[in-house]
Amino acid sequence: MEMGEYATSRSQDPEVVPSLLEVISSKDIAGFDTIAEGNKSIINVSISFSPTANEMEDASEPAHSESIESISLSMPVTPTGHLLTPRKVFFSDHQQDTPKSVTGIEGISGNSTPHKYFGSQARSPHGDRLRDPRFDSFKTWSGKLERQLSHLRGKPTDPEPEHSRLGNDPEISDGVLPVDRYFDALEGPELDTLRPTEELMLPDDKTWPFLLRFSISSFGICLGVSSQAILWKTLATSTSTSFLHISPIVNLVLWSISVALVIIVSLTYALKLIFYFEAVRREYYHPIRVNFFFAPFIALLFLLLGVPPSIATNLPHALWYVFMTPFLCLELKIYGQWMSGGQRRLSKVANPSNHLSVVGNFVGALLGASMGLKEGPLFFFAVGLAHYTVLFVTLYQRLPTNATLPKELHPVFFLFVAAPSVASMAWAKIQGSFDYGARIAYFIALFLYFSLAVRINFFRGFRFSLAWWAYTFPMTGAAIATIRYSNEVPSWVSQILAMVLTAVATLVVTALLVTTLLHAFVFRNLFPNDIAIAISDRPPKPRKRWFPLRSGSSDKKEIENYLKFVTTEPKDLEGSV
């Protein structure tokens, strides 16, 4: 009976429909139920409804508890419509604003665009860039230390995200990456270029924070400028170059600039140590970057050697002991790894940049002998001579295990000249004269200098980096040693040679200064993303192939590298000591 009455009412009033839907014409809404040429999209239909008056009376809840609900239906108009950008349309049986419960969905009218961000990010669309969680793993106060401090204070801690788990591999002791991992993931003379098969832990499509891009090799600028201060002090005080009438003001200006540079670079890197400790630790375990940790202390010794006579003539002996203590600590660590026979043995990590860890001994011996000390300078001279001899022979042999030794000539090879140049001056100060021992070391440096200079064309085509500044002070050292030699052996040949080497060293530093300024203010790429510190803990898994691997294929090499990593020397014991 009731069904008959309902059918009669439907036949009398065909326009009556349930309150859930409302009949509309497809022409009233552009793009609905139509496929325009070149405009195929998904139509998302959101239907909002509220209870009718009769339903309100039958409901057990009071009238003030009525709620508005929303239903979203997605209907692709074409088989490929789900791949396109959706369009959203609202239907309602009441003329009212879009319900607040459907935030982030655009209506059929207006030019508003759909919101991509919700919550706190809706106020700042750049919140995901400014607070990228992938950088947290390198932050000192956003990693394990922060969670440990929160645990000690009794505060609840969030679980560590997958992408920020550094050093949690049980086969990697104390989070130290094995040295083989650096060799497998990076390439180039400075191991700063990512291999095509590797992936980064940090985003490579955006610029990283400045402190993460500020590497330890930036201290090379301090080495280049402070060595120039010593050079012009020597020109102003040497008898063989007195005819040039060099003013001591040049030395004072260069020394003041050097002091400012050392302070600025040291403070900046100290901030990196405070806020991004993990990045500093990865630089320390890098087989090339670890040698640049000697650069700050070498720069301090250069400042003491180049101090203008108008400021100080006699330096206190305590300064020498204070500045040589870090050298002793670093050498016990580095030289011990060279002899251990483990992953970081010298035959495997030998690179021309290792000269930075050796030349500091001769610089310290030169400074101590200039202050009047005897035993201390002689001790460091002996240590430097022993390890320089071993390093020189290892680099000359080019053993197959030298994974970091570049095949082509590179500015890093000028570090060959640094140690014998400074050693000749240090021995001359210890002995009191430029005797045969000092001359032998000087002639070795001079020969190495000329052997590299005649091949200058081979040094073209390399990407500029701040590490090049560290390769300028060997040229300056050779010029200073030549001036000292011309004082002992005065002749027009030695004087001309001193002037030529001085001019070359000055021009090279000037050219590097101009290049640095161009990259800093014109190209704006002086501090690119430091790829060397962002390699992953594990090599990428090799891609599966359904056909047999050919001999010598890239996939076979990837598998061999992966198997080598997981089967040989999984722990870097020397690095964690």
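Are Phe 413 and Phe 416 buried or exposed? Phe 413 is buried, and Phe 416 is buried as well. The close-up views below are drawn from a predicted model.

**View 1. Aromatic pairs, with Trp 320 and Tyr 321 and then Phe 413 and Phe 416 as examples.** The count of aromatic pairs comes to 29. One of them joins Trp 320 to Tyr 321 in an edge-to-face arrangement, with 5.1 Å from centre to centre and 85 degrees between the planes. Trp 320 is buried, at 2% relative accessibility, whereas Tyr 321 is partly exposed, at 49%. The pair of Phe 413 and Phe 416 is stacked: the ring centres are 5.9 Å apart and the planes make an angle of 10 degrees.

**View 2. A ring cluster, and a charge over a ring.** Phe 219, Tyr 269, Tyr 284, Tyr 285 and Phe 293 are linked by ring pairs into a cluster. Elsewhere, Arg 439 is placed over the face of Tyr 436, at 5.9 Å from the centre of the ring.

**View 3. Salt bridges of helix α5.** The structure holds eleven salt bridges. In one of them, the side chains of Asp 180 and Lys 348 meet with an N to O distance of 2.4 Å. Asp 180 belongs to helix α5 (residues 179-185) and Lys 348 to helix α12 (residues 346-349), so that distant parts of the chain, 168 residues apart, are linked. Both Asp 180 and Lys 348 are buried. A further salt bridge is formed by the side chains of Arg 181 and Glu 198, at 2.6 Å from N to O. Arg 181 lies in helix α5 and Glu 198 in the loop between β5 and α6; the pair therefore ties together parts that are 17 residues apart in sequence. Arg 181 is buried, as is Glu 198.

**View 4. A salt bridge within helix α9, and a salt-bridge network.** Side chains of opposite charge can pair when their charged atoms come close. Arg 281 forms a salt bridge with Glu 278, with 2.9 Å between the closest N and O atoms. Arg 281 and Glu 278 are separated by about one helical turn because they are three residues apart in helix α9 (residues 277-284). Arg 281 is partly exposed, with a relative accessibility of 23%, while Glu 278 is buried, with a relative accessible area of 11%. In addition, Lys 272, Glu 283, Arg 289 and Asp 530 are joined into one network by salt bridges that share partners.

**View 5. Helix α17.** This helix comprises 16 residues, 473-488. From its first C-alpha to its last, α17 reaches 23 Å, close to the 22 Å expected at 1.5 Å a residue. Helix α17 is mostly covered, with 13 of its 16 residues buried.

**View 6. The nonpolar surface patch and the loop after α18.** Leu 513, Val 514, Leu 517, Leu 518, Phe 521, Val 522 and Phe 523 form a nonpolar patch on the surface, and their accessible area together is about 690 Å². Phe 523 is located in the loop between α18 (492-522) and α19 (554-567). With a relative accessible area of 48%, Phe 523 is partly exposed. Arg 524 lies in the loop between α18 and α19 and is exposed, at 68% relative accessibility.

**View 7. Positive phi values at Leu 191 and Arg 524.** Most residues other than glycine have a negative phi. Leu 191, although not a glycine, has a positive phi of about 50 degrees. Leu 191 is found in the loop between β4 (186-187) and β5, where it is buried at 2% relative accessibility. Arg 524, likewise not a glycine, has a positive phi of about 55 degrees.

**View 8. Contacts between residues separated in sequence.** Asp 204 and Asn 529 are 325 residues apart in sequence, with 7.8 Å between their C-alpha atoms. Asp 204 occupies the loop between β5 (193-194) and α6 (210-213) and is exposed, with a relative accessible area of 61%. Ala 295 and Cys 222 are 73 residues apart in sequence, and their C-alpha atoms are 8.3 Å apart in space. Ala 295 is in helix α10 (residues 295-305) and counts as buried, at 1% relative accessibility.

Key: Residues numbered from 1 in each chain as written. Predicted model: local features only at pLDDT ≥ 70, side-chain atom pairs only at ≥ 80, totals over all residues. Heavy atoms only, no water. Patch = residues over 30% accessible without salt bridge, like charges linked within 9 Å, V, L, I, M, F, W, Y side chains within 5 Å. Areas by Shrake-Rupley, 256 points an atom, 1.4 Å probe, with all protein chains shown as cover. Salt bridge = Lys/Arg side-chain N within 4 Å of Asp/Glu carboxyl O. Helix = DSSP H or I, 4+ residues; strand = E, 2+ residues; numbered from the N terminus. Buried < 20%, exposed > 50% of the residue type's maximum accessible area, 1.4 Å probe, protein only. Phe/Tyr/Trp six-rings, centres within 6.5 Å; stacked < 30°, edge-to-face > 60°. Lys NZ or Arg CZ within 6 Å of the ring centre and 35° of its normal. Expected span 1.5 Å × (residues − 1).
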